[in-house]
Amino acid sequence: MFVDLALGPLSEPLTGRHWDRDAVRARCTRRLTFYARCGVARGDRVFLHYGNTPEFFVDLIALWRLGACAIPIDTRLTPFEIDTLAGAAAPRFSLWFGAPDADLAQRLAAHGAAIIDASEADTETADHAPVGGERVGLDQDALILFTSGTTGEPKGVVHTHRSLRARWMALRHALGVRAYRRTLCLLPTTFGHGLICNCLFPWLSGQHLFIAPPFKADIIVQLGALLDEHQITFLSSVPTIWRLALKTATPPRAPRLERVFCGSAPLSAHLWNDIRKWTHAPEVWNAYGITETGSWLAGTSVGEFTPEDGLIGEPWGGVIKITRTADATAHLDADECAVGESGQVWVNTPALMRGYLGRDDLTDDVVAAGWFRTGDIGLLDARGWLYLRGRERDEINKGGMKVYPADIDAVVERFELTVDVCTFAIEDRLLGEDVGLAVVLRQTDPPTLQRLQDWMTQHLARHQLPRRWYVVDEIPRNARGKVNRAAMAARCTALSPVQLSSARRTV
Amino acid sequence: MRLRDELLLFITASGIVLPDDVGTDTSLIRSGLLDSSALFELALWVEDRVAVGLDLTSFDLAEEWDTLAKLERFIERHRRSAL
């Protein structure tokens with residue numbers, strides 16, 4: 001199952017907890033035995049409602065050894081969104097530290113999920129004979145990561161053990177493992193970038209993984225000290241983390257970083273150079289990855305290079321093609337772009353997902369004869385290096401976290417006084433993009449606006465909440481009736497946003 | 001408008017949902033209420049108010065800005081020293 005058939009040590013800098021390899025192995029066995037007694041078995045889908053802890057990683061291995069498929073759930077999601085995901089994934093078990101609130105437990109039970117308190121796994125005693133697990137087939141489902149649709153039609157990326165292993169082997173071949181021997185993760189373990197690549201690639205190669213809570217501001221302002229104290233050699237990140245760190249954190253005193261990745265959002269040449277100066281790392285690379293391809297797919301592992309806006313580099317364990325067509329049914333070879341010509345970025349990799357959970361229609365829309373349409377626009381230069389020039393995917397890239405307009409539209413549409421709605425990207429100094437929203441309402445009095453704000457807060461996770469929202473008379477649509485998000489965003493720049501929650505609060 | 005109300009207005013306008021019982025001594029940073037993007041925006045906002053070339057790496061920002069009361073004191077102190 002593992003790249004080196006070896007699990008590395010796990011440490012949690014904030015609590016000081018440290019499990020060496022023997023402790024990790026022992027806990028895997030103990031927790032596997034506990035989950036087996038709970039009835040977890042081959043083929044079960046299991047929600048994990050916690051992440052970024054040593055227990056999460058050990059549980060992942062325990063579930064895989066039992067033949068189950070793990071589904072990490074973002075802890076920021078609302079009960080409504082968890083209910084939606086459970087409806088789509090039909091998990092047989094739902095793992096929590098402690099217990100969910102009664103209402104959510106009831107909703108999960110209605111979907112057939114049994115609640116397990118994962119904290120009890122540590123109380124497993126020697127009274128029960130350890131369970132060894134079973135032989136896991138490479139084509140069994142291993143991991144499902146939901147990328148969108150948490151409020152409506154969930155899109156779950158299904159990876160098998162084969163596709164995950166292909167990603168890790170490709171990375172090992174392209175990047176080696178030496179630079180990853182003390183790896184820090186500051187990213188959420190519910191996303192491909194944080195989980196599959198930043199964490200699992202080094203850890204399953206026997207390297208030491210240091211786990212911190214994701215995007216926690218007080219950690220980032222102390223990043224230099226954290227790197228020093230734990231002698232970190234590698235971390236991956238997103239531009240947001242670096243903008244805050246460069247502004248507020250003292251650089252490491254004794255730089256030991258050997259390699260730094262930045263990904264999930266466009267990295268400007270300016271920020272790239274600033275990261276190089278701050279970290280003193282010999283290798284600062286822009287990494288390009290997509291959950292569907294097991295994340296890290298290409299990067300600047302190309303020897304000497306000068307940072308440039310949009311520069312990605314060479315593929316890791318795959319082939320990249322640029323075409324003029326976005327049609328998955330068209331013959332790709334017939335429409336390939338010339339060197340330097342921008343077009344659709346397609347990828348062929350053994351690390352490609354099995355498909356979207358229960359959505360063959362969506363899978364067929366982006367996969368053709370093993371080629372995956374990324375939704376990005378880019379070009380290949382004469383050296384075969386990839387440059388990104390834009391994207392066609394309908395998403396808001398909020399500092400590396402992807403927010404899908406349709407998810408927010410779906411929630412606001414259900415508000416009883418909504419006539420029409422349009423979610424769009426707004427520019428943000430730190431994040432690059434944030435969430436904007438325009439809504440047509442049957443009533444626009446202050447109590448109605450407050451009720452809509454409360455409705456959104458109740459149904460949307462914090463990172464999905466609109467940063468600014470506007471009441472408008474109409475939503476622009478194109479000739480086919482499709483919402484024109486760009487036109488709406490442009491129109492709203494001349495309007496004043498609704499500000500309710502701030503106006504009613506004083507201390 | 002009082003400085004602390006300006007601060008509150010700014011924080012909530014940044015999309016941060018504060019608890020109903022937020023007080024002047026509620027932890028904002030160490031508790032995780034302010035995430036990395038909100039803290040970055042706050043840093044720019046404080047720089048605007050203080051109007052001096054603040055070196056934000058020269059003090060423990062997570063400690064000195066952790067509550068509304070501490071933030072208020074920080075801004076007032078630096079405003080005075082800038083006069």
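Me: Why does Ser301(A) count as partly exposed?

Reply: In this predicted model, Ser301(A) has 16 C-beta neighbours inside 10 Å. A residue is buried at 20 or more and exposed at 12 or fewer. The count of 16 for Ser301(A) falls in between, so the residue is called partly exposed.

Me: Where does Ser301(A) lie, and what is it in contact with?

Reply: Ser301(A) sits in the loop that links strand 14 (295-299) and strand 15 (311-315) of chain A. Apart from neighbours within four places in sequence, its contacts are Ala174(A), Leu175(A), Trp285(A), Gly313(A) and Glu314(A). As for Ser236(A), 65 residues away along the chain, its C-alpha atom is 14 Å from that of Ser301(A).

Me: What makes Ser295(A) count as buried?

Reply: Ser295(A) has 27 C-beta neighbours inside 10 Å. The cut-off for buried is 20 or more, so Ser295(A) meets it. Ser295(A) belongs to strand 14 of chain A. Its phi is positive, near 70°, in a residue other than glycine.

Me: How do you know whether Phe215(A) is buried or exposed?

Reply: By the count around it: Phe215(A) has 23 C-beta neighbours inside 10 Å. Since 20 or more is called buried, Phe215(A) is buried. Phe215(A) is found in the loop between strand 10 (208-211) and helix 7 of chain A. Although Phe215(A) is not a glycine, its phi is positive, about 55°.

Me: Why are Leu7(B), Leu8(B) and Ile11(B) placed on the same side of helix 1 of chain B?

Reply: These three are buried residues of helix 1 (residues 3-13) of chain B. They cover an arc of only 100° around the axis, so they lie on the same side of helix 1 of chain B. An α-helix has 3.6 residues a turn, so residues three or four places apart point the same way.

Me: What follows helix 1 of chain B?

Reply: Gly15(B) follows helix 1 of chain B, and its phi is positive, near 90°.

Me: What makes strand 3 and strand 5 of chain A a pair?

Reply: At least two bridges are needed for two strands to pair. Strand 3 (residues 45-48) and strand 5 (residues 93-96) of chain A have three bridges, in the parallel sense, so they qualify. One of the bridge partnerships joins Leu48(A) to Leu95(A) in strand 5. Strand 5 also pairs with strand 6 (residues 114-117) of chain A, in the parallel sense over four bridges. There, Ser94(A) has Ile115(A) in strand 6 as its bridge partner.

Me: Which helix joins strand 5 and strand 6 of chain A in a β-α-β unit?

Reply: Helix 4 (residues 102-110) of chain A does, and the unit is right-handed.

Me: How do you know that strand 19 and strand 20 of chain A pair?

Reply: Two bridges join strand 19 (residues 367-368) to strand 20 of chain A, and the strands run antiparallel. The requirement is at least two bridges, so this pair meets it. Val367(A) has Phe372(A) in strand 20 as its bridge partner. The hairpin of strand 19 and strand 20 of chain A has two residues between the strands, and Ala369(A) takes a positive phi near 50° there.

Me: Which other strands does strand 20 of chain A pair with?

Reply: Strand 17 (residues 343-348) of chain A pairs with strand 20 (residues 371-380) in the antiparallel sense over five bridges. In that pairing, Gln344(A) is matched with Ile377(A) of strand 20. Strand 21 (residues 386-391) of chain A also pairs with strand 20, again antiparallel over five bridges. Asp376(A) is opposite Arg391(A) in strand 21. Strand 20 and strand 21 form a hairpin with five residues between them, where Gly384(A) in the turn has a positive phi of about 85°.

Me: Where do the two domains of chain A begin and end, and how many residues of each are in contact?

Reply: The domain assignment gives domain 1 (10-390) and domain 2 (396-492) of chain A. The contact involves 19 residues of domain 1 and 18 residues of domain 2. On the side of domain 1 that touches domain 2, helix 9 of chain A gives the largest share, three residues.

Me: How many residues does each chain bring to the contact between chain A and chain B?

Reply: Chain A brings 28 residues and chain B brings 27 residues. Helix 9 of chain A supplies the largest share of the chain A side, six residues.

Note on methods. Residues are numbered from 1 along each chain as its sequence is written. Chains are lettered from A and ligands numbered from 1 in the order in which they are written. This is a predicted model: local features need pLDDT of at least 70, side-chain atom pairs count only at pLDDT 80 or more; totals for chains, interfaces and linings use all residues. Two residues are in contact if their C-beta atoms, placed from the backbone, lie within 7 Å. The arc is that of the directions from the helix axis to the C-beta atoms. Domain bounds come from an automatic or database domain assignment. A crossover is right-handed if, with the strands pointing away from the viewer, the path from the first strand over the helix to the second runs clockwise.
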